[in-house]
Amino acid sequence: MAAYIPVIIGAPADRPDDADTARNAETVRAALESLGARSEIVTVDLDLTVLETLAGVAPDVVFNLVESIRGDGRLGFCVCAALDHLGVAYTGAPTAAYVQSSSKLLTKSLLKASGLATSDCWTGSAPRGRRVIVKSVWEHASYGIDQGSVVDGADAAD
């Protein structure tokens, strides 16, 4: 019998990064099927019972492409945690690494604690006269960053 490898994505918000994830999921699904696996794309929303359903059919592994749920990066780790709880193998980082790397502030503190160099960061007022990049703590990659994100520290909003 062919291996069953579903591809999971987070429930989308109407954003370009979610559309990109959906396109990538389709590419992965097609590649898995070309290699002889059974596959489908499964969307995970705030109600994680779809993962219980997947566990019930015992996939060989789940190909995890979840970065966020409904456009919120703070929720992405919930999928890893639920799959761990259900004993379902999945691709990508384990829950702890996902949590640690999802928050830019937590990541920076871990890098600094390990003695690795990282740029300065402010969660309140940044120094006047210093150019800073304002970005979300929780967004992945560079989502939402544009030319208007580069401001004088005094103009950086919380």
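Which residues are linked in a network of salt bridges? The network joins Glu26, Arg29 and Glu33, and the paragraphs below build up to it from the strands and the cores. The model is predicted, so local features need pLDDT of at least 70 and side-chain atom pairs count only at pLDDT 80 or more, while totals for chains, interfaces and linings use all residues. Residues are numbered from 1 along each chain as its sequence is written, and side-chain values use heavy atoms, with hydrogens and water left out.

A good place to begin is the sheet. Helices (H or I, at least four residues) and strands (E, at least two) are DSSP runs, numbered from the N terminus. Three strands form an open sheet in the order β2-β1-β3, and their pairing is parallel; two strands count as paired if DSSP finds at least two bridges between them. β2 and β3 (63-64) are the edge strands, each pairing on one side only. Strand β1 (residues 7-10) is joined to β2 by four bridges in the parallel sense, with Ile8 opposite Val42 of β2. Between β1 and β3, which also run parallel, there are two bridges, and here Val7 faces Phe63 of β3.

The helices come next. Together, β1, helix α1 (residues 16-34) and β2 make a right-handed β-α-β unit; right-handed here says that, with the strands pointing away from the viewer, the path from the first strand over the helix to the second runs clockwise. Helix α2 lies across β1 and β2, at about 145° to β2. Such angles run from 0 to 180 degrees between N-to-C directions, with axes fitted as lines to C-alpha atoms, for helices over the stretch in contact.

What fills the interior? A nonpolar core is a set of buried Ala, Val, Leu, Ile, Met, Phe, Trp, Tyr and Cys residues joined through side-chain atoms within 4.5 Å. Buried means under 20% relative accessible area, exposed over 50%, and partly exposed in between (1.4 Å probe, protein chains only). The largest such core has 17 residues, and Ile8, Leu51, Leu54, Val62, Val79 and Leu83 have the most contacts inside it. At least two of its residues come from each of β2 (41-44), α2 (49-56) and α3 (77-86), with α3 giving the largest share, four residues. Contact means heavy atoms within 4.5 Å; setting aside neighbours within four places in sequence, Leu51 touches Ile8, Val44, Val79, Ala82, Leu83 and Leu86. Another core, of eight residues, lies apart from this one and includes Val7, Ala25, Ala37 and Leu65. The side chains of β2 alternate: Val42 and Val44 point to one face and are buried, whereas Ile41 and Thr43 point to the other and are not.

Charged side chains complete the picture. The whole structure holds six salt bridges, each a side-chain nitrogen of Lys or Arg within 4 Å of a carboxyl oxygen of Asp or Glu. One of them joins Asp17 and Arg15 at 2.7 Å, N to O. Asp17 counts as buried because its relative accessibility is 13%, and Arg15 is likewise buried at 13%. In the network, Arg29 meets Glu26 with the closest N and O atoms 2.3 Å apart. These two are three residues apart in helix α1, so about one helical turn separates them. Arg29 also meets Glu33 (2.4 Å, N to O), a residue four places away in helix α1, again about one turn. Arg29 is buried at 18% relative accessible area, while Glu26 is partly exposed at 36% and Glu33 is partly exposed at 36%.
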